[in-house]
Amino acid sequence: GWTLYDASTKTTYKYFHLTEDPVGLAEGMLVTAGQTIGYVGNSGTFGENNFHLHFEVRPNNVAIDPLPLLVVDRNVCRVSPPIRA
């Protein structure tokens, strides 16, 4: 996965369960909004067809619900309900 940090807003973005890095990014590189950083993978949960993304947004290192920040095309993407322990 990737951890991205936006120093201007002090926000950390975390992306887990991505496939191997096919886009050639390396630690320390700058990325821009809309740039492809990886592709959804199927690691972390049993099942070869269980593709998913674990995505976190952490302003000032405090986790918030990222869904209101996203535009989700529900014709091609499903959003799971939150899991609370």
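## I64 and its surroundings

I64 touches V57, P59 and L69, leaving aside residues up to four places away in sequence. This residue is part of a predicted model, so please read everything below as a description of that prediction. I64 sits in the segment after β3. With a relative accessible area of 39%, I64 counts as partly exposed, because that class covers the range between the buried limit of 20% and the exposed limit of 50%.

I64 also belongs to a group on the surface. Together with L67, L69 and L70, I64 forms a nonpolar patch there, and the accessible area of these four residues adds up to about 340 Å². L69 therefore appears twice in this picture: as a contact of I64 and as a member of the patch, where nonpolar side chains are joined because they come within 5 Å. L70, another patch member, is likewise found in the segment after β3. Its relative accessible area is 41%, which means that L70 is partly exposed.

## The overall fold

Stepping back, the protein has three strands and zero helices. Reading along the sequence gives the pattern β-β-β. The strands are β1 (2-6), β2 (11-16) and β3 (54-59).

The protein has 85 residues, and 14% of them count as buried. It exposes about 7000 Å², with carbon and sulfur atoms supplying 55% of that area. As for the contacts between residues at least 6 apart in sequence, 36% join residues at least 24 apart.

## Two residues with positive phi

Which backbone angles deserve a look? H17 has a positive phi of about 75 degrees, although H17 is not a glycine. This residue is found in the loop between β2 and β3. Is H17 buried, partly exposed or exposed? H17 counts as partly exposed, because its relative accessibility is 21% and the buried class stops under 20%.

N61 also has a positive phi, of about 60 degrees, and N61 is not a glycine either. N61 lies in the segment after β3. Its relative accessible area is 54%, so N61 is exposed; the cut-off for that class is over 50%.

## One salt bridge

How many salt bridges does a search of the whole structure find? The search finds one. In it, the side chains of R58 and E56 meet, with 2.7 Å from N to O. Side chains of opposite charge can pair when their charged atoms come close. The R58–E56 pair qualifies as a salt bridge because its 2.7 Å separation falls within the 4 Å limit.

R58 has a relative accessible area of 21%, so R58 is classed as partly exposed.

## The second largest pocket

The second largest pocket has a volume of about 660 Å³. Its lining is made up of 25 residues. Which of them lie nearest the centre of this pocket? They are L4, Y15, V31, T32 and I37.

Two elements, β1 and β2, give two or more residues to the lining of this pocket. The largest share comes from β1, which contributes five residues.

How values were computed. Residues numbered from 1 in each chain as written. Predicted model: local features only at pLDDT ≥ 70, side-chain atom pairs only at ≥ 80, totals over all residues. Heavy atoms only, no water. Helix = DSSP H or I, 4+ residues; strand = E, 2+ residues; numbered from the N terminus. Buried < 20%, exposed > 50% of the residue type's maximum accessible area, 1.4 Å probe, protein only. Patch = residues over 30% accessible without salt bridge, like charges linked within 9 Å, V, L, I, M, F, W, Y side chains within 5 Å. Areas by Shrake-Rupley, 256 points an atom, 1.4 Å probe, with all protein chains shown as cover. Contact = heavy atoms within 4.5 Å. 1 Å grid on protein atoms, 1.4 Å probe; cavity = no way out; pocket = protein on both sides within 12 Å on 5 of 7 lines; lining within 4 Å. Points joined across faces, edges and corners; volume = space filled by probe spheres on them.
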